[in-house]
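User: Hi! I'm new to this one and would like a friendly walk through it. Could you take me around?

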Amino acid sequence: MVFDFRLQVFNTVARRLNFTKAAAELYITQPAVTKHIHELENQLNTKLFERNGSRVKLTQAGEILLHHSEQIFEIYRNIEFEINNLSQRQGGKLRLGASTTAAQYILPPILAAFHRKFHNIQVTLTIKNTEEIEQALQNKEIDLGVIEGFSKNAAIKYIEFLKDEIVLVASSKNPTASTGTVSAEKLKEIPLLMREPGSGTLEVIAHALKTIGVSIADLNIEMQLGSSESMKLYMLHSDSMALLSIHAVLKELQSKECRIVDVEGLNIERFFYFTILHGQHEALPELFIKFSGYVAK
């Protein structure tokens with residue numbers, strides 16, 4: 001449902017701060033983007049952007065319009081959803097953001113089922129780490145986040161989604177894994193693969209390790225990698241071990257390519273959370289949350 005395309009052009013340029021990238025996202029030419037912005041500036045009788053060569057910056061008026069345009073588009077999405085809902089054909093656009101573990105192992109079957117039931121709803125999925133997803137939510141680049149861990153950002157509402165467990169896993173060929181159990185002291189010696197700073201998984205692990213008197217600094221970290229999948233594949237081809245979500249290694253455990261190694265006294269349980277901004281009342285995120293809870297049961 002298209003309301004004011006000129007405002008959409010402004011919003012895209014304001015978020016990108018780049019006319020060329022905005023044109024590519026909107027599938028129009030750069031001169032067309034410039035024309036729409038000039039027309040909007042003439043209509044409002046004020047400059048919305050400051051241009052210094054190739055650099056683009058919002059003016060104070062541009063900042064005000066960006067803030068209100070985000071609210072306007074939120075209303076537009078609700079109008080579209082509610083009108084479609086009257087004829088029992090839900091539609092609209094839902095912008096999801098998910099941390100890597102959720103995006104790779106939890107959401108794909110849910111998204112497929114959601115599309116089958118609500119094929120008129122266009123879903124986009126942005127994949128980043130937990131810290132970046134929360135930032136994207138606050139910047140209103142996404143409507144709904146799915147993260148691992150719970151960072152307690154005061155601007156964000158956290159809704160429990162799915163329980164998870166983080167386990168120490170090793171290749172079945174790893175001789176250390178044959179014991180099945182290691183002590184906290186032994187854990188410090190094992191070459192480990194960990195997620196990057198900003199990862200929700202890393203945050204949860206650091207908190208849990210304190211219960212057995214171990215800090216991240218005590219560990220023998222062989223490498224930090226940006227996704228659970230890269231950690232798993234590295235682990236399967238090395239003598240290192242990895243602390244991973246049980247969801248990330250279900251297939252490999254079933255095929256006996258890897259095995260769980262218990263750490264004495266360590267139990268790392270967490271939830272995946274839906275995240276929305278406090279005070280946000282959008283129909284599509286609420287629909288997806290309810291649907292996901294039903295599918296995940």
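Analyst: Happy to. This is a predicted model. A good place to begin is strand 1 (residues 49-52), which pairs with strand 2 in the antiparallel sense over four bridges.

User: Which residue in strand 2 is the bridge partner of Arg 51?

Analyst: The bridge partner of Arg 51 is Val 56.

User: And what sits between the strands in that hairpin?

Analyst: There are two residues between strand 1 and strand 2 in the hairpin, and Gly 53 takes a positive phi near 70 degrees there.

User: Which side chains of strand 2 point to which face?

Analyst: They alternate along strand 2 (residues 55-58). Val 56 and Leu 58 point to one face and are buried, whereas Arg 55 and Lys 57 point to the other and are not buried.

User: Back to Arg 51 for a second. What does it form a salt bridge with?

Analyst: Arg 51 forms a salt bridge with Glu 41, and the closest N and O atoms are 4.0 Å apart. This pair links distant parts of the chain, with Glu 41 in helix 3 and Arg 51 in strand 1, ten residues apart.

User: Is Glu 41 buried or exposed?

Analyst: Glu 41 is buried, because its relative accessible area is 5% and the cut-off for buried is under 20%. Its partner Arg 51 counts as partly exposed, at 38% relative accessibility.

User: How many salt bridges are there by this rule?

Analyst: The count comes to 16 salt bridges. One of them joins the side chains of Arg 6 and Glu 39, at 3.3 Å from N to O. Arg 6 is in helix 1 (residues 5-16) and Glu 39 is in helix 3 (residues 30-44), so to speak of sequence, the pair is 33 residues apart and links distant parts of the chain.

User: How accessible are those two?

Analyst: Arg 6 counts as partly exposed, at 26% relative accessibility. Glu 39 is partly exposed as well, with a relative accessible area of 26%.

User: Helix 1 and helix 3 again, then. At what angle do they pack?

Analyst: Helix 1 and helix 3 pack at an angle of about 105 degrees, and their axes are 9 Å apart. That angle makes helix 1 roughly perpendicular to helix 3. On the helix 1 side, the contact is made by Phe 5, Arg 6, Val 9, Phe 10 and Val 13. On the helix 3 side are Val 33, His 36, Ile 37, Glu 39, Leu 40 and Gln 43. By class, the residues of this contact divide into seven nonpolar, two polar and two charged.

User: What about helix 2 and helix 3, how do their axes cross?

Analyst: The axes of helix 2 (residues 19-26) and helix 3 come within 8 Å and cross at roughly 105 degrees. Helix 2 is therefore roughly perpendicular to helix 3. Phe 19, Thr 20 and Ala 23 in helix 2 meet Gln 30, Val 33, Thr 34 and Ile 37 in helix 3. This contact has four nonpolar, three polar and no charged residues.

User: Which residue lies in the loop between helix 2 and helix 3?

Analyst: Ile 28 lies in that loop. Ile 28 is partly exposed, with a relative accessible area of 23%. Leaving out residues up to four places away in sequence, Ile 28 touches Phe 5, Val 9, Ala 23, Val 33 and His 36.

User: New topic: how many residues of strand 5 are buried?

Analyst: Five of the five residues of strand 5 (residues 144-148) are buried, so strand 5 is largely enclosed by the rest of the structure. Leu 144, Val 146 and Glu 148 point one way, while Gly 145 and Ile 147 point the other way.

User: Which strands does it pair with?

Analyst: Strand 5 pairs with strand 3 (residues 92-98) in the parallel sense over three bridges, with Gly 145 as the bridge partner of Gly 97. Four bridges also join strand 5 to strand 13, and these two run antiparallel. There, the bridge partner of Glu 148 is Phe 272.

User: Any salt bridges around strand 13?

Analyst: Yes, the side chains of Arg 270 and Asp 164 meet in a salt bridge, at 2.8 Å from N to O. Arg 270 is in strand 13 (residues 268-277) and Asp 164 is in strand 6 (residues 156-171), 106 residues apart. Both Arg 270 and Asp 164 are buried. Salt bridges that share partners join Glu 148, Asp 164, Arg 195, Glu 196 and Arg 270 into one network.

Key: Residues are numbered from 1 along each chain as its sequence is written. This is a predicted model: local features need pLDDT of at least 70, side-chain atom pairs count only at pLDDT 80 or more; totals for chains, interfaces and linings use all residues. Side-chain values use heavy atoms; hydrogens and water are left out. Buried means under 20% relative accessible area, exposed over 50%, partly exposed in between (1.4 Å probe, protein chains only). Two strands pair if DSSP finds at least two bridges between them. Axes are lines fitted to C-alpha atoms, for helices over the stretch in contact, and angles run from 0 to 180 degrees between N-to-C directions. Angles under 35 degrees count as roughly parallel, over 145 as roughly antiparallel, 65 to 115 as roughly perpendicular and the rest as oblique. Contact means heavy atoms within 4.5 Å. Ala, Val, Leu, Ile, Met, Phe, Trp, Tyr, Cys and Pro count as nonpolar, Asp, Glu, Lys and Arg as charged, and the others, Gly among them, as polar.
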